[in-house]
Amino acid sequence: MDGVPNVTRADVVAAVRNPLAFIAARWTPTPRTVRRAALAALVMSVLIVVTGGAVRLTGSGLGCPTWPKCTDDSLTATSAMGVHGAIEFGNRMLTYVLCAAVGWAIIAARSEKPYRRSLTRLGWAQFWVVMSNAVLGGIVVLVGLNPYTVAAHFVATSALIAIATVMWQRTREGDGEPRPLVGKAVQQLVWFLVAASVLLILVGTVVTGAGPHAGDSSEVERMPLDWETVSKVHAVLAWIVVSLTFALWFVLKAVDAPRAPLARTRDLFLILLAQGVIGYVQYFTDLPEILVGLHMLGSALVWIAVVRVQLSLRERPEAVADVPGPSSEATLTRA
């Protein structure tokens, strides 16, 4: 049985001053571990959308009526608050799981050898979005589920999903200069697709803000719009995104594009079709909660697929020279 290594005072000081550097100097994760850590952060960012939707669809948005405590007198939900308090408090607790997943991604990226500053920065970007969105979530509660703050909360989560998707993709690439796999015209078409998808998400938040699922059983302010009209605008935008996706697939086939852009475009098209079916069924069946929840999950999956299409238009080889990390990693690299 191996003995436990002695921990010196210098080790303790180094760990306190810079815990990430301390871990990185003593642990080198495999590329597979780094990829899994990035994927875990992405999965949790999608799961937080699903649970947030459950809070809204069960009318539990004010299950914990204040923030950061659940009530003025209790940090946690109490039995007297019933199922709504449990659902809302559970969603709040899941934020800590999301933080843990993002933290693991940061640690894994920071410890990878050679050190990749760009990858670590993507992890930290997720961390700060999560922290900012947690505060915004608290504001949503304090202002009584104001629909505009709820919309901003969802948009921030969509930004988190985009960053997490980029980091997951970057774990499978090098740090060399990106090389385009398609021409400029195709790249511009994809940027139109991205812009249309962003607009689709934004209008979707307006549909939610004007629609019947206010997020709580009490009277909650709604956006002063006819939600059916906004829903039709949302449907038109969805068809525009579908049309752009089909046009992109056709162009990629015509120019004999590499396999990756074609595969990612096909994936997006299939997800859009499934999302469209759910959207129309929920509209004509008076928005049943289960279908609305599936539609929110589909929205996150569509957005991931759109980002992956954009990222598939280029490849990044390994860098010519490794980028040395700070302090101890720099020494190890030179050695």
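Trainee: What makes Glu-173 count as buried or exposed?

Mentor: Its relative accessible area is 9%. Buried means under 20%, so Glu-173 is buried. Bear in mind that this is a predicted model.

Trainee: Which side chain does Glu-173 meet in a salt bridge, and why is it called that?

Mentor: Arg-314 and Glu-173 meet there, at 2.5 Å from N to O. The rule asks for a side-chain nitrogen of Lys or Arg within 4 Å of a carboxyl oxygen of Asp or Glu, so the pair qualifies. The two ends come from distant parts of the chain: Arg-314 sits in strand 2 (residues 314-315), Glu-173 in the loop between helix 6 and strand 1, and they are 141 residues apart.

Trainee: And Arg-314, is that residue buried or exposed?

Mentor: Buried, with a relative accessible area of 16%; the limit is under 20%.

Trainee: What about Arg-116 and Asp-175, how do you know that they form a salt bridge?

Mentor: Look at the N to O distance: 3.0 Å. The cut-off is within 4 Å, so this pair counts too. Arg-116 lies in the loop between helix 4 (82-111) and helix 5, while Asp-175 lies in the loop between helix 6 and strand 1, so the bridge ties together parts 59 residues apart in sequence. Arg-116 is buried at 8% relative accessible area, whereas Asp-175, at 25%, is partly exposed.

Trainee: Which residues are linked in a network of salt bridges?

Mentor: Arg-116, Arg-170, Glu-173, Asp-175 and Arg-314. The count for the structure comes to 8 salt bridges.

Trainee: Where are Asp-267 and Arg-264 placed, and how far apart are they in sequence?

Mentor: Both are in helix 9 (residues 259-284), 3 residues apart, which means about one helical turn separates them. Their side chains meet in a salt bridge at 3.1 Å, N to O. Asp-267 has a relative accessible area of 23% and Arg-264 has 21%. Buried needs under 20% and exposed over 50%, so Asp-267 and Arg-264 are each partly exposed.

Trainee: Now the rings. What makes Trp-124 and Phe-127 an edge-to-face pair?

Mentor: Their centres are 5.4 Å apart, with 85° between the planes. Rings pair if the centres lie within 6.5 Å, and planes over 60 degrees apart count as edge-to-face, so both tests are met. These two residues are 3 apart in helix 5 (residues 117-142), about one helical turn.

Trainee: Which kind of pair do Phe-127 and Trp-128 make, and why?

Mentor: Edge-to-face again, because the centres are 5.0 Å apart and the planes stand at 75°. Trp-128 is exposed, with 53% relative accessible area, since exposed means over 50%. Phe-127 is partly exposed at 24%.

Trainee: How many aromatic pairs does the structure hold?

Mentor: It holds 7. Ring pairs also link Trp-227, Tyr-280, Tyr-283 and Phe-284 into a cluster.

Trainee: Which residues make the nonpolar surface patch?

Mentor: Trp-67, Val-135, Ile-139, Leu-142 and Val-143, over about 410 Å². Take Ile-139, in helix 5: its relative accessible area is 37%. Patch members need over 30%, so Ile-139 passes that test.

Trainee: Which residues form the positive surface patch?

Mentor: Arg-32, Arg-35, Arg-36 and Arg-172. Arg-172 is partly exposed at 40%, which is over the 30% required.

How values were computed: Residues are numbered from 1 along each chain as its sequence is written. This is a predicted model: local features need pLDDT of at least 70, side-chain atom pairs count only at pLDDT 80 or more; totals for chains, interfaces and linings use all residues. Side-chain values use heavy atoms; hydrogens and water are left out. Patches are made of residues with over 30% relative accessible area and no salt bridge: like charges are joined within 9 Å, nonpolar side chains (Val, Leu, Ile, Met, Phe, Trp, Tyr) within 5 Å. Accessible areas come from the Shrake-Rupley method with a 1.4 Å probe; for residues, only the protein chains shown count as cover. Lys and Arg count as positive and Asp and Glu as negative; His and the chain ends are not counted. The place of a charge is taken as NZ of Lys, CZ of Arg, CG of Asp or CD of Glu. Buried means under 20% relative accessible area, exposed over 50%, partly exposed in between (1.4 Å probe, protein chains only). Rings of Phe, Tyr and Trp (its six-membered ring) pair if their centres lie within 6.5 Å; planes under 30 degrees apart count as stacked, over 60 as edge-to-face and the rest as tilted. Helices (H or I, at least four residues) and strands (E, at least two) are DSSP runs, numbered from the N terminus.
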